[in-house]
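Look through the sequence and the 3D view below before reading on. The paragraphs after it go through the structure step by step.

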Amino acid sequence: MRKKWLWIAPLAIAGMVLFVWLGGEVVMRLWNWLLPSLFGWRQITFWQALGLLALCRILFGGLGCHGGPRSNIRRKMRDRWEGMTPEEREKFRETMRARCGGLGAPTGEPKAQ
């Protein structure tokens with residue numbers, strides 16, 4: 001069992017390093033291939049590409065943290081909605097229309113100005 005871990009740990013570290021290097025190279029090559037010719041922007045280095053990749057991951061990917069406190073909001077709202085009576089649903093809709101200025105009215109009529 002112990003010998004198994006001696007092989008897995010270095011391979012896992014090497015795999016992570018390879019993955020990061022490959023991601024940085026792909027971002028750098030795509031940026032340097034497309035953006036200078038399309039928009040006239042400067043070329044970037046590997047480290048700038050790696051920073052850009054990390055920034056995009058943080059902003060759009062959420063760092064893979066799907067168990068955060070906001071992850072169950074849709075499920076909780078769906079459960080709450082399903083537990084409401086039709087009168088409670090209509091009251092909720094009216095409250096949301098009042099808060100949001102009439103956005104999302106179910107009637108297809110344009111909003112009065």
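Is R97 buried or exposed? The model is a predicted one, and in it R97 has a relative accessible area of 17%. Buried means under 20% relative accessible area, so R97 counts as buried. The residue lies in helix α4, which covers residues 86–100. The side chain of R97 also has a polar partner: it makes a polar contact with the side chain of E94, at 2.7 Å.

Now take the chain as a whole. Its secondary structure amounts to four helices and zero strands. Read from the N terminus, the order of elements is therefore simply α-α-α-α. The chain has 113 residues, and 12% of them count as buried. About 10,300 Å² of the chain is exposed, and 66% of that area is supplied by carbon and sulfur atoms. Contacts can also be sorted by how far apart the partners are in sequence. Among contacts between residues at least 6 apart, 21% join residues at least 24 apart.

Where do buried nonpolar residues come together? The largest nonpolar core consists of six residues, namely V27, M28, I44, F46, A49 and L50. Two helices, α1 (2–39) and α2 (46–61), each supply at least two residues of this core. The largest share, three residues, comes from α2.

Two members of the core show how its parts meet. V27 is found in helix α1. Leaving out residues up to four places away in sequence, V27 touches A49, L52 and L53. Of these, A49 is itself listed in the core. V27 and F46 are 19 residues apart along the chain, yet their C-alpha atoms are separated by 8.4 Å. The other member to follow is I44. With neighbours within four places in sequence set aside, I44 is in contact with M28, W31, N32 and A49. M28 and A49 are also core residues.

One of the contacts of I44, W31, leads on to the aromatic rings. The structure holds four aromatic pairs. Ring pairs link W31, F39 and W41 into a cluster.

The last topic is cysteine. How many disulfides does the structure hold? The count is zero. A disulfide is a covalent bond between the sulfur atoms of two cysteines. Two cysteines can be looked at for their exposure. C56 has a relative accessible area of 34%, so C56 is partly exposed. C100 has a relative accessibility of 38% and so also counts as partly exposed. Both values fall between the limits of 20% for buried and 50% for exposed. R97, at 17%, is on the buried side of the lower limit.

How values were computed: Residues numbered from 1 in each chain as written. Predicted model: local features only at pLDDT ≥ 70, side-chain atom pairs only at ≥ 80, totals over all residues. Heavy atoms only, no water. Core = buried A, V, L, I, M, F, W, Y, C linked by side-chain atoms within 4.5 Å. Buried < 20%, exposed > 50% of the residue type's maximum accessible area, 1.4 Å probe, protein only. Contact = heavy atoms within 4.5 Å. Phe/Tyr/Trp six-rings, centres within 6.5 Å; stacked < 30°, edge-to-face > 60°. Areas by Shrake-Rupley, 256 points an atom, 1.4 Å probe, with all protein chains shown as cover. Polar contact = N/O pair within 3.5 Å; in protein donor to acceptor, adjacent residues only side chain to side chain. Disulfide = S-S within 2.5 Å.
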